[in-house]
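This briefing introduces the protein shown below. Please look over its sequence and structure before reading on.

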Amino acid sequence: MGKILKVTQVTNNRYLNMYDMEVEDKNGNPHPYQIASRARHKEELKLATGKNKPDGVIIYALYGEQQDRVVLIRQYRYSIGTYIYELPAGLVDEGEDFQTAGIRELKEETGLEFQPLPVDPMYSKPYFTSIGMTDEACSTVYGTAKGEISKKDQEDTEEIEVVLADREEIRRILKEEHVSLMCGYMMMHFLHDDPKKPFAFLSE
């Protein structure tokens, strides 16, 4: 098994930091490695704490009386220099549980009211997002949304268009657009789930 010899914090930013690592591979050979993390200090890295708390929350919300549309956002992202379709999401504030964060984030990004569904923890526990380069983990909340779309609570740094996508539009998006990984998987679920039981995949 590999070994971590030393961790050095490179940046001191509010939302994301870089860490240099000195590691040994399984054969004892030394290598440099780098990771990004939401941790503000190296003592808070998950490799140091051994705990996997959610840094963020992802929101899978269905809209309409028939629950026949998925709440998506189309957001400009600097990392690719263009727009991408995503599920609404955001960071979990210090001392906040991820379900509350999901309700807050959906309201801020879309103006919609979110009603979470109770699910087995195995569906909502934090999963790692891109483990090759970060220890970030996100939990997922599932439920329904209602109300009117509004941008009044969006931040100036956010360029977000809210999309209530039916199955036809989801097929188009999957074929033609940039889509985040989690969003793509959940849209595939939606396409193939029984329309009369849209959350059946969460059943025991």
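Among the contacts in the protein with a separation of 6 or more, what percentage is accounted for by residues 24 or more positions apart? Such residues account for 58% of these contacts. The model is predicted, and its secondary structure consists of 5 helices and 11 strands.

**Overall dimensions and surface**

- Along the principal axes, the C-alpha atoms of the protein fill a box of roughly 60 × 40 × 35 Å.
- The exposed area of the protein is about 12400 Å², of which carbon and sulfur atoms supply 51%.
- Of the 204 residues in the protein, 38% are buried.

**Charges**

- The protein carries 25 positive and 36 negative charges.
- The mean positions of these two sets of charges lie 2 Å apart.

**Nonpolar cores**

- In soluble globular proteins, nonpolar side chains tend to be buried together.
- The largest nonpolar core here contains 22 residues, and Y60, V70, L72, L87, Y142 and I170 have the most contacts inside it.
- At least two residues of this core come from each of the strands β4 (56-63), β5 (69-77), β10 (137-146) and β11 (160-165), and likewise from each of the helices α4 (167-176) and α5 (181-192).
- Helix α5 provides the largest share of this core, with 5 residues.
- Leaving aside residues up to four places away in sequence, V70 touches Y60, A61, L62, L87, V163, L164, A165, I170 and F190.
- A second core, separate from the largest one, has 16 residues, including I59, V92, F114 and V141.

Conventions
Residues numbered from 1 in each chain as written. Predicted model: local features only at pLDDT ≥ 70, side-chain atom pairs only at ≥ 80, totals over all residues. Heavy atoms only, no water. Helix = DSSP H or I, 4+ residues; strand = E, 2+ residues; numbered from the N terminus. Buried < 20%, exposed > 50% of the residue type's maximum accessible area, 1.4 Å probe, protein only. Contact = heavy atoms within 4.5 Å. Areas by Shrake-Rupley, 256 points an atom, 1.4 Å probe, with all protein chains shown as cover. Lys, Arg positive; Asp, Glu negative; His and termini not counted. Charge placed at Lys NZ, Arg CZ, Asp CG, Glu CD. Core = buried A, V, L, I, M, F, W, Y, C linked by side-chain atoms within 4.5 Å.
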